[in-house]
Structures are given as structure tokens and as C-alpha cells.
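User: Please take a close look at one part of this model, the sheet and what packs on it. A connected account would help.

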Amino acid sequence: MCGIVGYVGERDISSVLLVGLERLSYRGYDSSGISIISNGELSTWKKQGKIVELNNLLSGLSIKGSLGIGQTRWATHGVPNEVNAHPHFSETKKIALVHNGIIENYMEIKKRLIKNGHIFRSETDTEVLIHSIEEHLETTDSLLEALEKTLSEIVGTYSIATISEADPEKIVIARKGSPLIIALGKDENFVSSDINAILTHTKKVIYLEDNEIGYVTKTSTFVKEIGGSEVQKEVKVIDWSPTDAEKNGYEHYMLKEIFEQPSVIRNIISKYIDKDNNITLSKIHQPNLDISNVNRFIIQACGTSWHAGLIAKYLIESYARVLTEVDISSEFRYRQMITQGHDIVMAISQSGETADTLACIREAKSKFFKVLSFVNVKESSIDRESDGVVYSYAGQEIGVASTKNFIAQLATIYIFSIHLGLAKKHLNKEQASEMIQELRRIPDYIESILKKSEEIRTIAEKYCFSREFLFIGRGVNYPTALEGALKLKEISYIHATGYAAGELKHGPIALIDAKLPVVCVAPQTLTYEKMVSNIQEVKTRKGKTIIIATQGDEDIKSLADDIIYIPKASEDLTPILASVPLQLISYYIALKLDCDVDQPRNLAKSVTVE
Ligand code: F6R
């Protein structure tokens with residue numbers, strides 16, 4: 001979703017802003033723009049489409065200046081075009097502003113501003129901010145004060161950066177419900193909604209909290225509470241490397257991230273498990289979070305992370321016998337939660353910034369639930385606001401469609417469930433140790449599947465012109481089927497539905513004919529025989545079957561139009577293995593259809609609006 005970058009310093013301002021925007025582009029966007037104060041005069045350039053369009057607009061211009069802001073916009077209010085693109089500027093063109101988030105009460109503010117003579121150009125909610133600031137600047141010289149007064153009238157979420165000709169040394173910033181950081185350099189400073197925009201310049205950052213406002217100059221920073229007093233902020237040092245954000249010779253980030261999965265799991269094992277197979281999850285035993293007497297988990301997450309949550313239910317209930325509910329965050333948020341005591345709300349989120357998931361943990365905390373989160377991005381809002389956390393250690397994921405992070409979520413959930421099973425005394429040390437040995441084998445198994453990528457590509461290309469797909473699975477592999485279908489529709493725009501195979505006869509079987517490819521996730525698990533019957537039902541109706549089966553399973557071959565074998569592994573780890581060919585099928589279909597694999601249309605990496 002939208003990304004903000006701002007810079008004050010002596011480097012080539014337009015290229016710092018453009019490179020920053022480019023590094024935010026993985027989040028998904030449909031227009032971009034920058035504003036720079038050059039020789040005391042503010043200028044703005046905006047373009048619909050890719051950042052390269054903005055770059056073309058700027059090429060040949062000699063832009064001097066030491067202060068600027070920019071944004072990649074993902075349209076919510078108003079179509080993607082140049083007028084609606086950010087930065088927005090004031091009537092006098094002397095103030096510019098970029099905004100991520102949604103101003104919920106913009107209609108009523110807009111009406112008042114129009115009455116006062118303001119002329120609106122765009123269809124955006126954001127534009128009210130700039131007109132309101134301009135109005136407040138009639139009674140103060142301070143841009144920060146004008147923004148603060150504006151925000152006192154605002155209902156909604158925002159991260160904001162604004163600059164003014166009248167104060168050409170400062171970028172004024174504010175945050176509520178949408179991330180914003182200050183990054184500190186030597187005689188230069190940056191602001192951004194995402195660490196990735198600044199990672200090549202500095203690793204020292206200050207995280208703005210909700211309801212904070214402030215400014216950065218070349219050599220100083222200032223932060224206060226909105227309507228309150230100054231806040232002394234801690235400077236944190238990021239331990240990521242910008243090389244995570246390179247393609248390293250792969251055609252797409254998604255492919256690179258699929259191929260990184262064995263090393264992701266090896267890394268997770270090294271972080272959480274010692275050589276004697278003891279598990280250490282240091283950040284879940286906080287003084288105010290006791291998982292050993294939990295009665296119920298309520299998992300809430302969105303998209304791929306929700307699929308990981310569905311698998312977590314199987315594992316937690318089986319290893320620790322703790323009742324586990326799973327909900328989609330946008331649904332959980334608006335239902336009446338019943339607290340029974342000793343309940344823990346679990347959030348699963350790659351970005352740690354998903355608006356619905358974050359809102360749920362805030363709602364849960366207000367009702368005295370404890371919150372345990374599984375997040376990939378350290379220091380994200382969900383990380384910082386949870387009582388306990390398990391990091392996914394997937395490294396930075398750039399491809400919009402989640403791959404290695406899903407695998408990392410499954411591996412960490414597996415480790416956590418074993419740990420809980422031990423704490424609840426439903427597993428003993430030997431059992432736990434054997435289960436961990438199983439996990440240790442998984443990276444090699446994934447490598448063996450990746451070696452078959454050309455074979456998988458041939459199968460994918462055979463079906464790439466089908467306009468719909470069905471994915472089926474049972475037990476732990478029902479969520480695997482859901483995830484396979486989600487991946488395909490996200491990156492290839494082909495309609496795909498995931499179903500519990502046992503549900504076929506209750507409706508979806510009506511879809512099956514000789515043209516429908518049905519991807520059947522059928523490793524040898526407890527429900528294998530049932531799954532075989534379900535595949536039989538598909539075959540009888542002439543459906544085309546692409547079966548993911550256990551290596552050595554010759555019997556199932558007779559039911560398969562195409563078959564992809566995965567190594568034999570413990571049932572609860574089969575979702576990890578089966579997901580790899582499903583990811584590759586989606587990737588190669590999307591590639592063949594010439595789709596934008598890493599940045600599929602309409603999608604955003606970090607969904608920071610409701
Ligand atoms: C799908 C995908 C999304 C995310 C969802 C939640 O490939 O990436 O469905 O899983 O938007 O995002 P996080 O995990 O960041 O909360």
C-alpha cells in the first residue's frame with residue numbers, strides 16, 4: 001500500500017526520493033509523486049503508473065534542493081490519476097503533503113472548507129488536510145502547529161509528511177494507525193513509512209508511535225504527543241541487510257523467495273532449537289503473558305497468514321489439547337468476543353502492520369485479553385503492541401504474494417505447538433525430540449522439490465489457459481489447498497477456489513467437467529484413503545487432476561492426469577512440502593500469462609487500511 005519517503009540533506013534530492021520510492025514499490029501502488037523545495041520554491045511532480053514514468057518526467061531537469069517528500073499511492077478514494085496522486089499542495093502551492101491512511105470524516109471537513117472558499121482539485125480524502133493546514137496557517141507561522149490543529153479535527157488513520165516554503169528546513173510528520181519512522185544519518189535525515197526506503201543509507205531509526213507529531217531537520221529531530229508535551233525517543237539500530245532486497249539473479253523476487261525456503265527453515269531452527277532439540281522461545285514468556293495456563297487461543301489473521309492460522313489450530317489442539325478458534329481479522333474485529341479468562345488472542349502477520357489484525361489486538365487488549373503474535377517484521381506495530389512474540393525469521397519478503405513467509409509461519413507455529421505441548425505435558429521430551437528431527441529434514445526435502453521446478457513448469461504451462469481451477473485437500477492440507485488457490489488467483493488473475501475435499505459433494509462437484517483442472521493435495525496422511533475417494537469422484541466426472549502425492553505412492557498415479565511427488569514426511573509438515581509445488585505452479589502459470597508476478601494488479605504488500 002501507499003509508501004512515504006522524505007529527505008533533508010545535501011545529496012541529490014530527486015534521486016534520493018526516487019530511489020526511496022522504488023524501494024517502496026514492492027508494497028503495491030498505482031501512482032507516485034514528489035515535492036521538493038528548491039531555491040526557496042516548492043515544486044511538485046506526479047505521475048500515474050510506474051515510478052519509471054515519474055523518473056522520465058524528471059529526467060533532464062536540474063533540481064537543486066535539500067528538502068523533499070514523496071509518495072507511492074495505492075488508490076482508495078478516487079481513481080489512480082495525476083490529480084489524485086500525492087503530494088497534494090495548497091492553493092498557494094507553497095505547502096505540500098503526503099498521507100497514508102484514511103480520513104474517515106473528510107466529507108464533513110470538506111464541506112466546511114468549501115464554504116470557507118477552498119477549491120478542491122482531487123477526489124481524495126487527503127486533500128482536506130492540506131486545505132485545513134493552509135487555513136490554520138492564517139493564525140500561526142508554525143507548520144507543526146497548523147498540522148496539530150488540523151489533526152485535532154480528524155477521525156481516521158494517518159502517517160503524514162508535510163513541507164512548506166515558509167519553513168524550508170523542516171519535514172513535519174505525524175502518525176496515527178499507519179507506520180512512520182525517522183531515519184538518522186550524518187548531517188542528513190530521512191522519514192519513511194517503511195524501513196526499506198532508507199536501509200541503504202542508515203540503520204538508525206526512531207519509530208513514531210500513534211498520536212505523535214514532530215519534525216526533522218538536517219541535524220535535529222523533535223517529537224511530541226499531539227496536544228501534549230515533548231517525547232524523548234529511543235534510537236534503535238536495525239539488524240537487516242539491504243541485500244535482502246536484491247533479486248540475486250532470479251527473474252522475480254517471488255522465485256528467489258521460493259528458492260530461499262530451505263535456508264529460511266534452517267535459520268528458524270538455528271534461532272529456536274539447540275543441538276539437543278531443546279526449544280527456546282524467549283519472547284513468549286514475558287512477565288505478563290503466561291502460556292502454560294492458557295485455556296483457549298483465538299487466532300486472527302488475514303489472507304495467507306489466516307491459512308497459517310488454520311493449520312495452527314490443528315497443531316495446537318493436537319499437541320497441547322488447547323481449544324483454538326481461528327477467525328479472519330476483519331470479521332473478528334466486529335463480533336462480540338466472549339472472555340472466559342486465560343484466553344490468549346494470537347495474531348499472525350508477516351508485515352506486522354495489517355490494519356485489521358492490528359485493530360483486533362488493540363480491541364482484544366482493551367477487553368483484557370493477552371496477545372501473542374507471530375510476526376516477520378521486527379519492531380512493526382503488531383510486534384511492539386503484543387505481550388509476547390514469535391518472529392518468523394523469513395527475512396524481507398518483497399514479492400507481494402507471500403511464499404517464504406508462509407513456510408516460515410508454518411515452521412514457527414510447529415515449533416511453538418511442540419513447545420506448548422511440552423508445557424502442557426501432553427508431549428514428552430522424546431516425542432518432542434522426534435518431531436524436531438522431522439523438522440530438521442524439511443530443508444533438504446524442499447531442496448529436492450525445487451530440483452523438479454522444470455517438471456513443475458511443464459505441468460503448469462499445460463494448464464495455463466484454463467480460466468478456473470479447483471484446489472482440494474483434507475485435514476492439515478485443507479488450508480494448504482486454500483493457500484494454493486489464493487496464490488494462483490493473486491498472481492495469474494485466474495479464478496481459483498480452495499475446498500475441503502469432503503465438501504465437494506455438498507455443492508462444488510457441480511463445477512467439475514472435462515475442462516476443469518483440479519489440484520489435489522494428497523500426501524499419505526490420516527485422511528489419505530478419504531482423499532483418494534474424493535479424487536475418484538473428480539475423475540469419474542472427467543475433471544483433470546494434478547495430484548501432489550507422497551514419493552513412492554504408485555497407486556494414486558492411475559487417478560492423475562499429472563502428478564508431482566513430494567518426500568515422505570510427518571503429516572503435520574506436509575503443508576510445508578505441498579505448498580512448494582503449488583507456489584511454483586502459480587508462478588509458472590503467471591509467468592506464461594505475462595502477469596506482473598511481483599506486483600500483481602490491485603494488491604498491496606502491507607494492507608495498512610481497513
Ligand atoms: C497473500 C498475502 C496476503 C497477506 C495478508 C496479511 O499472498 O500476502 O494475503 O497474507 O494481506 O498480511 P500480513 O501477513 O502482513 O498481516
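Analyst: A good place to begin is Ser32, which stands opposite Thr72 in strand E4. The model is a predicted one, and this pair belongs to the pairing of strand E2 (residues 31-38) with strand E4 (residues 67-73), which is antiparallel and runs over seven bridges. As a rule, the strands of a sheet pair through backbone hydrogen bonds, either parallel or antiparallel.

E2 and E4 are part of an open sheet of eight strands, and the pairing in this sheet is antiparallel. Read across, the order is E3-E2-E4-E1-E10-E9-E11-E14. The edges are strand E3 (41-48) and strand E14 (236-237), each of which pairs on one side only.

Helix H1 (residues 13-24) packs on this sheet. The strands that H1 touches are E1 (3-8), E2, E4 and E10 (189-192). The direction of H1 makes about 155° with that of E1. Helix H2 (residues 51-58) lies across E2, E3 and E4, and H2 runs at about 135° to E3, one of the two edge strands. Strands E2 and E4 are thus named in the account of each helix: H1 touches both, and H2 lies across both.

To put the two residues from the start back in place: Ser32 faces Thr72 of E4, within the antiparallel pairing of E2 and E4, in a sheet where E2 sits between E3 and E4 in the order, and E4 between E2 and E1.

Key: Residues are numbered from 1 along each chain as its sequence is written. This is a predicted model: local features need pLDDT of at least 70, side-chain atom pairs count only at pLDDT 80 or more; totals for chains, interfaces and linings use all residues. Side-chain values use heavy atoms; hydrogens and water are left out. Two strands pair if DSSP finds at least two bridges between them. Helices (H or I, at least four residues) and strands (E, at least two) are DSSP runs, numbered from the N terminus. Contact means heavy atoms within 4.5 Å. Axes are lines fitted to C-alpha atoms, for helices over the stretch in contact, and angles run from 0 to 180 degrees between N-to-C directions.
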